[in-house]
Amino acid sequence: MPRVFFFAIVLFVATITGLARAEEEALRISEARKILKKAIETADTIQDVTAKVILFGDIARVQSKAKDSTAAATTLQHALLSVTKLKDISDKIHLLEYIAGVQLVTGDYSASAATLQQCLHVALAIQRPEARDFELRTIAKDQATAKDIVGALKTAAAIQNPFSNASALREIAVVQARARDDQGTLKTCTAIQDIALKTYALLDIAAAQREAGDWPSALKTLQQAFQAGTGIKKDSDKVDAWRKIAIAQAKAGDRRAAITTLRQALLIAARIEDANKREVALLGVAQAQGEMRDIDGGINTAASIPDHSIRAKYLNKIVTAQAEAGDIQGALRTANLITNDFTKTDALLVIAKAQAEAGDIRGALLIATAIKDAFMRVVALYDVVVAQGRAGDGAGVLITLRQIFQSAVVIDDKHTKDVALKKVSQDFATSGDIQLALEVTAAITSSSYKAEALRAIAKAQAKAGDDAGTRATFHQLLKVAASKNAEILREITAAQARRGDLKGAIRWSVSQTTPSESAYALLGAAEGILAINEVKIEPRP
């Protein structure tokens, strides 16, 4: 066969396949839109305005994923109409902010800006100045995020409290910096009166410049931040600002400037009179030394601290830095300098986690299983489980989970034990061992934690296609927690639809007893269809 004919056939087959996939996608989207329409009709019958608006927002997000921006906008208009019925100003503001956020996610920037204007109008009617300023600050930030910088600056100007005003301007300046509006950023930053917030704003701007790859500008801005920081009156605040500047300088490639900045921060920290504030400041410097990998400097600083407890915490920060850098032996040597048993155990947790993440499961298990405290042992073993899961070692995960279960059941504190057992149950479910997950769940005494565990099991069963098991677990869940199950219903129906059982997902949805649960279940079914790559769906009448 001549090559030209061969390639013509290949092209023809590819075209036909592409058309078939496009038809499948169009069918899925059409089916999802029908289900979402039913979800809206159901949601509209919910009496609680807050619950209704939040559900409308969730539906609008999925409508946007279904490439139906018109329907998403209409749904959010319904949400706005519902908000007008509210009398409580605080509730009205928060829901308007929520709707504006959803409009932003769906790409409708103009609608988001308009909603925030409504929100601003409501907020200005608040009588208490502190409450009004708080709301205005949030609105200004949201307006800046929605790219309405002019509106954001006007809102910030209406804030009476100097600190709140400076906080709003800081957030606006960061948005401007990320948009590479250098002139606007500088102007906004200059208007910030609070010296500490101006310093932090410059830090944020430097981070945005670094993220954009503009290293020279970032270093220049950090120098401006350092100069601004010299004007901070409280020593504790100055140390916090300078240690953050030092970390940023190191990340931007100027290690020499970073060490100089940090040494000055350390000198100021040592002279703080208040013991608690001095401890916080010193530990902040230790964290910075750790992040900068200045291990020798950190150990020398620790040796100069007379208080045993603070010295132990300081060394723990150094251990963390060493372990994260892969220097396990160095981390163990530093951990051995710690005299406080609890802090030393905390350091060993960090080392075990680093070993597990580096693939040294055996070494991590040796440290984890040697920890005497049952709860801390559970925490260490969990880090091993996470590493085993990432490595695809399913058998290892189940073995370690059994070790965790054995440690969890001997935890003395009832609440802590329930927290640990809930997590074990959820992980057994995720790993596919439903029977063990149910056994662990039976040992949980708290109803709320038992309910969380059962939700995870039902989700895993639905994902695996075990419809009978899912129903059985869900009925068990209803006995423990009759409400707050809408989200798990959403996940169950999404899993059903995703594996092609759309009819089953819809049956589950319409069989629910409350409009909220039924609507969320329908929403899940729509999400499940949209998540399918290829599936044969027969159009419903």
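Contact here means heavy atoms within 4.5 Å. The model on screen is predicted.

**Whole chain**

Start with the full protein chain in cartoon view. The chain has 28 helices and zero strands. Its C-alpha trace spans about 75 × 70 × 60 Å along the principal axes. If you colour by accessibility, buried residues make up 50% of the 541 residues. Of the contacts between residues at least 6 apart in sequence, 57% join residues at least 24 apart.

**Leu55 and its surroundings**

Next, select Leu55 and show its side chain. Which residues does Leu55 touch, once neighbours within four places in sequence are left aside? They are Ala43 and Ile46, together with Ser516, Ala519, Tyr520 and Leu523. The last four of these numbers fall in helix α28, which covers residues 515–530.

**The nonpolar cores**

Keep Leu55 selected and add Ile35, Ile59, Val239, Tyr314 and Ile351. These six residues have the most contacts inside the largest nonpolar core, which has 113 residues. To see the helix that gives the most to this core, select α10 (residues 195–211), which supplies nine residues. A second core, separate from that one, has 43 residues, including Ala420, Phe428, Ala462 and Trp508.

**Helices α27 and α28**

Now select residues 502–510, helix α27, and residues 515–530, helix α28. How do these two helices pack? Their axes are 7 Å apart, at an angle of about 165°. An angle over 145 degrees counts as roughly antiparallel, and α27 and α28 are therefore roughly antiparallel to each other. The crossing of α27 past α28 is left-handed.

Show side chains on both helices. From α27, the residues in the contact are Leu502, Ala505, Ser509 and Val510. They meet Ser518, Ala521, Leu522, Ala525 and Ile529 of α28. Sorted by class, this contact has seven nonpolar residues, two polar residues and no charged ones.

**The loop after α10**

Finally, go back to α10 and move on to Ala212, which lies in the loop between α10 and α11 (215–229). Is Ala212 buried or partly exposed? Its relative accessible area is 48%. Buried requires under 20% and exposed requires over 50%, so Ala212 is partly exposed. To end the tour, draw a C-alpha to C-alpha distance from Ala212 to Ala225: the two are 19 Å apart in space and 13 residues apart in sequence.

Notes
Residues numbered from 1 in each chain as written. Predicted model: local features only at pLDDT ≥ 70, side-chain atom pairs only at ≥ 80, totals over all residues. Heavy atoms only, no water. Axes fitted to C-alpha atoms, helices over the stretch in contact; angles between N-to-C directions. Helix = DSSP H or I, 4+ residues; strand = E, 2+ residues; numbered from the N terminus. Parallel < 35°, antiparallel > 145°, perpendicular 65-115°, else oblique. Left-handed = near helix turned anticlockwise from the far one by under 90°. Nonpolar A, V, L, I, M, F, W, Y, C, P; charged D, E, K, R; others polar. Core = buried A, V, L, I, M, F, W, Y, C linked by side-chain atoms within 4.5 Å. Buried < 20%, exposed > 50% of the residue type's maximum accessible area, 1.4 Å probe, protein only.
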